[in-house]
Amino acid sequence: MQYVTLNNGVEMPILGFGVYQIPPEQTEQAVTEALAAGYRLLDTAAAYRNEAAVGRALKNSGIPREELFLTTKLWIQDAPAQEHTRRAFDTSLNKLGLDYLDLYLMHQPYGDVYGQWRAMEDLHREGRIKAIGVANFHPDRLVDLIVNNEIAPAVNQIETHPFFQRTADQEVMRGRGVQMQSWGGFAEGRNDLFTNPLLSGIGEKHGKSVAQVVLRWLIQRGIVTIPKSVRAERMAENIDVFDFELTDDQMAAIATLETGTSLFFDHRDPEIADWLGKRRLDD
């Protein structure tokens with residue numbers, strides 16, 4: 001495994017296992033198999049409704065806590081945001097069965113972002129979270145948060161894949177000391193990613209799959225990635241990406257796949273802001 005060092009000195013695996021859209025009843029088994037395959041970074045969220053299942057898998061794994069890197073995410077909180085953020089954090093921590101988190105992310109750039117962030121800063125100071133960060137923040141929102149708060153986000157997790165490469169975003173993050181993390185690295189197979197001729201051709205040259213090429217492309221860009229699968233053989237394949245390297249020409253070729261637009265939703269779209277901003281979790 002390779003690691004990145006966050007802006008507060010915490011080391012984070014560059015490749016982990018995500019559980020987005022894995023049903024709770026399948027999550028415990030999936031996480032158990034991911035841990036057996038060698039993953040130590042696990043990424044969940046309150047909104048995924050599977051934190052408790054992740055926690056059961058962790059408890060039964062027998063893996064020492066210090067060898068694991070656990071991330072979960074805070075959903076949008078009503079006022080008073082600081083008080084409710086602490087309550088949401090405690091709920092997530094209890095479901096996971098942990099004493100502390102390695103990384104806590106603000107899931108969406110909506111609501112009382114600053115009240116939520118102040119509570120996260122306090123939890124970090126108390127030693128209950130090793131690092132705090134955000135998700136789905138565009139550069140302007142990210143920089144504004146940094147300028148107006150004491151602790152800068154350690155991570156920004158955003159949609160990143162060969163069709164939406166976020167190179168300008170990465171430059172801003174690099175300049176501000178924020179680690180970029182990808183969600184949707186395989187674009188959920190959209191735009192026929194897994195049969196793309198360019199990616200397939202590169203894979204053939206290395207004896208690797210398209211998925212492995214995409215993960216290697218992200219890793220060589222210094223981007224943390226969290227592929228998801230419920231199939232043990234895919235989990236093993238996805239973590240087997242440290243024995244080859246894409247050439248400069250291959251990296252440049254993949255850059256030509258950029259479309260410049262999201263394949264899912266734009267967080268600057270007023271309708272998306274309205275839809276996501278009004279959503280609340282019931283626990």
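**Exercise 1. The whole chain**

What percentage of the 283 residues of the chain count as buried? Then decide how the chain's radius of gyration fits a compact globule.

*Solution.* The model is predicted.
- Step 1: Buried means under 20% relative accessible area. By that cut-off, 54% of the 283 residues count as buried.
- Step 2: With 283 residues, a compact globule would have a radius of gyration near 19 Å. The chain has 18 Å, which agrees.
- Step 3: Look at the contacts between residues at least 6 apart in sequence. Of these, 74% join residues at least 24 apart.
- Step 4: Turn to the surface. The accessible surface is about 12,200 Å², and carbon and sulfur atoms hold 48% of that.

**Exercise 2. Two helices that cross**

Find helix 7 and helix 8, and classify the angle between their axes.

*Solution.*
- Step 1: Locate the pair. Helix 7 spans residues 197-206, and helix 8 spans residues 210-220.
- Step 2: Read the geometry. The two axes come within 8 Å and cross at roughly 90 degrees.
- Step 3: Classify. Angles of 65 to 115 degrees count as roughly perpendicular, so helix 7 is roughly perpendicular to helix 8.
- Step 4: List the residues in contact. Helix 7 supplies Leu199, Ser200, Ile202 and Gly203, while helix 8 supplies Val210, Val213 and Val214.
- Step 5: Sort them by class. Five are nonpolar, two are polar and none is charged.

**Exercise 3. Backbone details in loops**

Which peptide bond is cis? Then place glutamine 21 and glutamate 188, and give the sign of phi for each.

*Solution.*
- Step 1: The cis bond joins alanine 79 and proline 80, with omega about -5 degrees. Proline 80 sits in the loop between strand 5 (69-74) and helix 3 (81-96).
- Step 2: Glutamine 21 is in the loop between strand 3 (17-18) and helix 1 (24-37). Its phi is near 70 degrees, a positive value in a residue other than glycine.
- Step 3: Glutamate 188 is in the loop between strand 9 (179-183) and helix 7. Its phi is positive too, near 50 degrees.
- Step 4: Check exposure. Glutamine 21 has 46% relative accessibility, so it counts as partly exposed. Glutamate 188, at 42%, is also partly exposed.

**Exercise 4. Far in sequence**

How far apart in space are glycine 260 and proline 162?

*Solution.*
- Step 1: Glycine 260 lies in the loop between helix 10 (248-255) and helix 11 (270-278).
- Step 2: Glycine 260 and proline 162 are 98 residues apart in sequence, but 10.0 Å apart from C-alpha to C-alpha.
- Step 3: Set aside neighbours within four places in sequence. Glycine 260 is then in contact with Phe163 and Phe164.
- Step 4: Glycine 260 has 45% relative accessibility, so it counts as partly exposed.

Methods
Residues are numbered from 1 along each chain as its sequence is written. This is a predicted model: local features need pLDDT of at least 70, side-chain atom pairs count only at pLDDT 80 or more; totals for chains, interfaces and linings use all residues. Side-chain values use heavy atoms; hydrogens and water are left out. Axes are lines fitted to C-alpha atoms, for helices over the stretch in contact, and angles run from 0 to 180 degrees between N-to-C directions. Helices (H or I, at least four residues) and strands (E, at least two) are DSSP runs, numbered from the N terminus. Angles under 35 degrees count as roughly parallel, over 145 as roughly antiparallel, 65 to 115 as roughly perpendicular and the rest as oblique. Contact means heavy atoms within 4.5 Å. Ala, Val, Leu, Ile, Met, Phe, Trp, Tyr, Cys and Pro count as nonpolar, Asp, Glu, Lys and Arg as charged, and the others, Gly among them, as polar. The radius of gyration is taken over C-alpha atoms; the globule rule is 2.2 Å times the number of residues to the power 0.38. Buried means under 20% relative accessible area, exposed over 50%, partly exposed in between (1.4 Å probe, protein chains only). Accessible areas come from the Shrake-Rupley method with a 1.4 Å probe; for residues, only the protein chains shown count as cover.
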